[in-house]
Amino acid sequence: MAETQEVRDKVVLVGLNSPVLKKEENADEDTMEELSALVETAGGETVGIVLQNRPSPDPRTFIGEGKVAEVQLYCENTGATMVIFDNDLSPSQMRVLTELLGVQVLDRCGLILDIFAQRAKTKEGRLQVELAQYQYLLPRLTGMWTHLERQAGTSGKGPIGSKGPGETQLETDRRHIRRKIDKLREDLEEVRRVRSTQRQRRQKNEIPVVAIVGYTNAGKSTLLNHLTGAGIPANNRLFDTLDTTSRLLTVSDTLDVVISDTVGFIRKLPHQLVEAFKATLEELEYADLLLHVIDVSNPEWQQQAAVVENLIRELGAGELPRIDVFNKSDRLPAGEIMPHGADICSLSAKTGEGVDKLLEMIGERLDSGSRRCVLHIPYDKGGLLDQLYREAKVENVEYGETIAVTAVCTPKVLGQMAPFLVE
């Protein structure tokens with residue numbers, strides 16, 4: 001249980017709000033609260049929060065020398081072993097802050113990468129995380145080799161015989177990491193090719209694809225579990241699902257769909273993570289329907305929904321048909337009115353209330369006109385049975401005077417099989 005888990009680090013959170021930063025780059029009470037939840041997900045404990053307003057970030061220390069001294073004192077008093085910034089830090093700022101504070105300094109991006117590394121289970125998920133980690137690490141290498149750079153004495157004042165090894169080691173590491181990045185990209189391309197083959201097979205079978213998207217912790221995995229009994233761990237923590245899980249869902253007796261759960265979205269999602277996770281999220285482009293799951297019990301749900309909207313557009317899936325699924329309706333105070341409309345479904349994935357309505361809406365949007373029929377195929381036309389297995393959902397076959405087949409067929413297959421239909 002969480003109570004008995006060993007705390008990895010005691011953490012002081014620092015955020016800067018400045019008019020010169022873009023809105024999404026600024027820290028405020030809400031983003032700091034989310035950062036604290038991320039720390040908890042990573043196995044740490046937040047022991048203090050410092051939120052600063054400043055006309056512009058300090059180029060060297062980001063928050064200014066005075067505030068650095070205040071944070072250092074805070075760390076000493078609380079026994080903090082790490083400081084995490086809600087804003088992105090440059091490699092040089094991270095290096096300077098680590099030296100001044102005497103504890104490890106991370107930014108939001110580094111923290112999210114750590115959580116992703118803990119959570120990814122499949123080969124694909126691990127590849128994506130590793131690629132993002134190396135892309136994050138590459139510009140920060142200089143800071144990791146400062147001890148050797150000083151020893152190398154680029155000014156010419158270092159110890160005799162020490163000139164160069166720092167730079168040599170740095171360049172060796174950079175080359176090594178660039179090679180790793182190239183190899184990981186090749187491996188991910190291979191993953192994409194495999195996915196593409198699987199997609200073509202699904203399209204040939206004309207099985208529609210439904211993708212569940214939403215802000216992290218909105219209840220996507222709980223919904224998929226309720227719909228399909230997929231057995232995905234559905235815990236109340238951020239980024240619990242990092243690998244796309246696909247399951248077959250029978251919506252009605254004439255409609256099956258492939259339904260996929262995707263990684264949760266979050267504001268300030270590091271850019272290299274969006275890039276690295278394209279292999280998972282590119283499924284969205286090929287989906288026939290999106291279910292955008294929104295935690296309506298969260299006071300921030302409108303901002304969270306906007307974050308998801310922006311990322312859906314960035315991934316090229318903005319034009320897809322969509323149902324907005326307002327989840328956790330059981331947690332709403334009595335009398336509070338739920339959003340409603342033609343493309344909105346309110347439900348509780350936990351209790352199951354409203355799930356039947358969602359299935360009905362999915363059926364309405366994806367119904368291709370398929371219907372169940374009985375076909376009597378002569379034995380000399382036995383090849384048609386193979387076609388039915390490939391292009392229809394065969395439910396029963398009986399061999400008598402003819403081959404009697406019960407199958408769910410699309411309009412296209414019905415047209416081809418018309419002479420053998422039993423009305």
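**S246**

I started with S246 and how open it is: in this predicted model, S246 has a relative accessible area of 32%. That falls between the 20% limit for buried and the 50% limit for exposed, so I put S246 down as partly exposed.

Next I looked up where S246 sits, and found it in strand β6, which covers residues 245–252. Which residues does S246 touch, leaving aside those up to four places away in sequence? I noted V258, I259 and S260.

I also checked S246 against V209. The two are 37 residues apart in sequence, and their C-alpha atoms are 9.4 Å apart in space.

**The whole chain**

I stepped back to the chain. I counted 15 helices and 14 strands in its secondary structure. The chain has 423 residues, and 49% of them count as buried.

Then I looked at contacts between residues at least 6 apart in sequence. Of these, 67% join residues at least 24 apart.

**Cores**

I had a general point in mind here: in soluble globular proteins, nonpolar side chains tend to be buried together.

How many residues does the largest nonpolar core have? I got 59, and the ones with the most contacts inside this core are V71, V83, I84 and F85. Helix α4, residues 108–119, gives the most to it, with six residues.

I picked V71 for a closer look. Not counting residues up to four places away in sequence, V71 touches V12, V14, V50, I63, V83 and L101. So V83 turns up twice in my notes, as a contact of V71 and among the core residues with the most contacts.

Apart from this core lies another one, of 25 residues. I wrote down V210, L224, L347 and M361 as being among them.

**Helices α2 and α3**

V71 came up again when I turned to helix α2 (residues 65–78) and helix α3 (residues 91–101). To describe two packed helices, I need the angle between their axes and the distance between the axes. For α2 and α3 I have an angle of about 50 degrees, with the axes 10 Å apart. That angle is why I call α2 oblique to α3. The crossing of α2 past α3 is right-handed.

Which residues make the contact? From α2 I listed E65, V68, V71 and Q72, and from α3 L97, L100 and L101. Sorted by type, the residues of this contact come to five nonpolar, one polar and one charged. L101 of α3 was already in my list for V71.

Definitions and conventions: Residues are numbered from 1 along each chain as its sequence is written. This is a predicted model: local features need pLDDT of at least 70, side-chain atom pairs count only at pLDDT 80 or more; totals for chains, interfaces and linings use all residues. Side-chain values use heavy atoms; hydrogens and water are left out. A nonpolar core is a set of buried Ala, Val, Leu, Ile, Met, Phe, Trp, Tyr and Cys residues joined through side-chain atoms within 4.5 Å. Buried means under 20% relative accessible area, exposed over 50%, partly exposed in between (1.4 Å probe, protein chains only). Helices (H or I, at least four residues) and strands (E, at least two) are DSSP runs, numbered from the N terminus. Contact means heavy atoms within 4.5 Å. Axes are lines fitted to C-alpha atoms, for helices over the stretch in contact, and angles run from 0 to 180 degrees between N-to-C directions. Angles under 35 degrees count as roughly parallel, over 145 as roughly antiparallel, 65 to 115 as roughly perpendicular and the rest as oblique. A crossing is left-handed if the near helix is turned anticlockwise from the far one by less than a right angle, and right-handed if clockwise. Ala, Val, Leu, Ile, Met, Phe, Trp, Tyr, Cys and Pro count as nonpolar, Asp, Glu, Lys and Arg as charged, and the others, Gly among them, as polar.
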